[in-house]
Every structure is written in structure tokens, then in C-alpha cells.
Amino acid sequence: MSSLYIARSRQVAARELGGEMMIMSARDSTLFSLNDVATVIWQAADGQTPLDEIVERRVCAEFDVEPAEALKDAESLVRELEGHGILMVSETPVVSG
Amino acid sequence: MNVLMEEMNRRAVALGVPLGVQLDVTYRCNERCVHCYLDHDDHGEMTTAEIRGVLDQLAAAGVFFLTLSGGEVLMRMDFFPILEYARLLMFCVKIKTNAFMIRESQADRIRDLGVQSVQVSIYSHRPEVHDAITKLPGSLKRSIAGIRLLQARGLKVIIANVLMRQNYSDYAGVKALAQELGVEYTIDPTVTPRMDGDRGIVALGIGGDDLRQVFRNPDLVGNVEEFCAPPSAVNDEALDELPCSASHTFCYISPYGDVFPCVQFPLPTGNVRQQRFLEIWRHSPQMNEVRSIRPRNLPVCSTCSHVGTCTRCPGLAYMEGNMRGPSSQDCEKSFARTGIPSANMILKSASRPNPSLVQIALRSSAVPVS
């Protein structure tokens, strides 16, 4: 399977509060709260680093998780965030927009 | 407020994080509203670089909600670079504007920059009333045109309708206008004293029967019975809760860098041109004094039956002379809602001579005793 690239949407507001990332969509003012693992993925979503590398270097390094399972969960998470319009997911590197 | 927002607030209070800040980028304005609490001269506004520096500090301090206001924000030639930088720092930005200067290109940029909402002050659906308040001919027409451009781009627009004697009878018309434009509508029956302490403009506000009528309009307040219900018995929880967000999760920064607990609370706490923002937020004695006050520390209000439900604004109380005292404007609102006078009103009434007795005394004195 090819790597996924993820980039933060520019149509959201985000701030870390007490270890959790608070994100508000400008599209519909929905507020989201990401847990610590999802926060790490969000912060690393620069559009240039493949998701599997983010999982390996950031998630597995900081949390005690098995790489294959972590990647599967991460893919599910980024697809969900994409559905809410707060993250862009692509099979090629992307510029945040 | 939704559950996540409540949790966010609770966490911010516990961590001492300023969740929201209003930054007025200028006091200059193209309108001259009769009730405005500001002067419109430039006494040395922060430069673009200074504002960028302040925004960096606010982001580092954890500020999430940033309101950019004025004056009229678009009077600053560098407003869009400021807005762009604020969004780069991922603030949730709300803009307050009169929308007079919003054309297609401005509306496009506001949309493209992911602004959360735009609040526009509209005083009446009738140009002769609105323009008389703003003292800018053609302002209603231009503001409505600006709102249409923003709304057409999918932006959340809120019409804010300050109610005064001059426009009181038009609120239904403004609400209908908001519906026609497809935007939200809010009313505010409070006229704030001028920041220099002059209370003259407060007399422009509505009171008494007019206020009572507003509070009994289900289109404006929802469930009237609930909204106007008499206050429930006062308990410890009501006496210990945070009075409002000022100094707890919110503060205000003027175009000159002065930091205050709130827009309506002109107690100087420091200046970001001389100190780091977090130093002011965490260590200013004034900020900490405001932060320390709970309803049970208020000599009059703690004895009032409305203490648990009153909208008492500590800033308005401060402008009346004592931040621990009552805010008469809020006493009036509690009375208009429930028909029950506040402790402050009862005290004032007791200390005032009874006019009918004075009249009798005067008549008596006109009659020769012997």
C-alpha cells in the first residue's frame, strides 16, 4: 500500500490545552478534542512526511504501541478527520490549504 | 454551551490559561456612533511588528479565541497582514466590524483566511434611524451590502443590535432583516460608559418598561417563564462560583498595548510594550485582585436574592466606583426580568427621602402654624 500524506486544513483553529489539541472548524464551528496520540499525529501533519514515518518516528517512539496496529489506527483517524474537513489526506505530498 | 466547550473552559480555569482575548487593533473609526465608549484619535497604536509580537505571545500563552475589533478594524491599512498572521498562528478568529468597507476582495480574503465569524453592528432596518446613530450617511446600505458579501461566501455573520431609546422600537425589524439576510441576530440592551469614566451616554440606554418588554418577548429570550423566573434560594455554590470570565479565561488588549480584565473593565493591569503578556496575566496585582473576587466577597450583592442568576458585570461595577459593588445596570435587568428589586435597589430606596412625605411637609410648611 502506498504511503499517505496528511496536512492540516487552513480552515481550522487549533491550540493545545493541557496536553490535548482543541480544534475548531471554521466551516461549521464544530469543536474537536484530540487525545495525546492524535495530537502527535496532528502536529506532525506537514503534508510532506508520510503517515507511516510519523507513526514510526513519533507515535511508536512516544507511546508503547505495536507499529502495524498503530498505523492502522492512525489511518482510520486521519480518514475521520478528513471527513470533518480538518485534515487533508493524499497519496502524494500536499501543501496545506 | 456544548459539553466540550464547558470542559475546555473548566480546564483553562484550572490551568490559568487565557482562553480568549479581544485585541482592539485601532480606536479609529469611520462611524461616530452616539453611544460609543471610545475616542477615535490615534494616540500611538501598536505597529504591525508589535502586534505580531503580541500575537506570538498570546499563542504561546494558550489563547484560542481571538477577537479582532476596534474602532473599525479596516481603518488599519495592515489589517489583513495582521489577520493573516493571526490565522497562521491558528487562532479561532472573530472579527467585529461595521462592514462598511467590505467589498468583494475583503470578503474573499476573510473567507480564505478561515475566520470563524464576523459580527456587524446594525441599529435599525431603517436608514434614517441607523445612520442617525452612526452619524455616517449611507452606512446602513453599505453595511448590509458588506453582510451580503460575507454571507454569500459561507461565512458565519452575526448582527449585533444594541438597544437604545433611539432605536428600541426597531428590534423586530432588525431581526427580520437578519432572517432575510440569512445571518444570526443578537441584542444587547447595555450601553457601556465611556472608557474615560464619563457616564453620560448610559442615559441613552433603555430601562423600565422597555427592558421589561424585551425580556418578555419569546422571539428574543426563548422560554419567557424560565427567563423571567424569580431567583431560586441562594446557596454556597452560587456564592463561590466565578463571577465571569474577566481575568479568569479572558482579557482585553487596547491598540496601545494596555491590558485590561475585559473590554468593559478599564482597570489597568499592565502594558505589553513594557512587559511580557504572561507576566501581566499571571502576576499583575490588579489581575489577581479581580481573579480573587467571588460573589460572597461582594458586600451588597452577596445579600441579594439575585446573586445566583444576576448578569452582574464587575467592569460596570468598577466604572460605578467599586469593583466589589453592585452594577446598577444589571440590578435593573434583574428587576425587569423578575419584578423583584435587588438588594442594591432596596438599599438605595431606603436611603432616599420618601417624595410623598416631602410633598406633605412642604404643603404643611406653607400653612401658618399658629
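This passage describes one helix of chain A, one pocket and two cavities in a predicted model.

In this predicted model, local features require a pLDDT of at least 70 and side-chain atom pairs count only at pLDDT 80 or more, whereas totals for chains, interfaces and linings use all residues. Residues are numbered from 1 along each chain as its sequence is written, chains are lettered from A and ligands numbered from 1 in the order in which they are written, and side-chain values use heavy atoms, with hydrogens and water left out.

Helix α2 of chain A comprises twelve residues, 51–62 (helices are DSSP runs of H or I of at least four residues, strands runs of E of at least two, numbered from the N terminus). At 1.5 Å a residue, α2(A) should span 16 Å, and the 15 Å between its end C-alpha atoms agrees with this; the expected span is 1.5 Å times one less than the number of residues. A:L51, A:I54, A:V55, A:V59 and A:C60 of this helix are buried (under 20% relative accessible area, with exposed over 50% and partly exposed in between, for a 1.4 Å probe and protein chains only). Seen down the axis of α2(A), the buried residues fall within an arc of 150°, so they line one face of the helix; the arc is taken from the directions from the helix axis to the C-beta atoms. An α-helix has 3.6 residues a turn, so residues three or four places apart point the same way. On the other side of α2(A), A:E56, A:R57 and A:A61 are exposed. The buried residues pack against β1 (5–8), α1 (36–43), β5 (46–50) and α3 (67–83) of chain A (contact being heavy atoms within 4.5 Å).

Open and enclosed spaces were located on a 1 Å grid over the protein atoms alone: a cavity is a set of points where a 1.4 Å probe fits but cannot get out, a pocket is an open set with protein on both sides within 12 Å along at least five of seven lines, and lining residues have an atom within 4 Å of a point. The second largest pocket has a volume of about 270 Å³ and a lining of 21 residues, with B:C301, B:H306, B:V307, B:C310 and B:R312 nearest its centre. α15(B) gives the largest share of this lining, three residues.

Two cavities of 30 Å³ or more were counted. The largest cavity holds about 70 Å³, and the residues lining this cavity include B:H248, B:F265 and B:R312. The second largest cavity, of about 30 Å³, is lined by residues including A:M24, A:S25, B:F91 and B:Q116.

How values were computed: Points joined across faces, edges and corners; volume = space filled by probe spheres on them.
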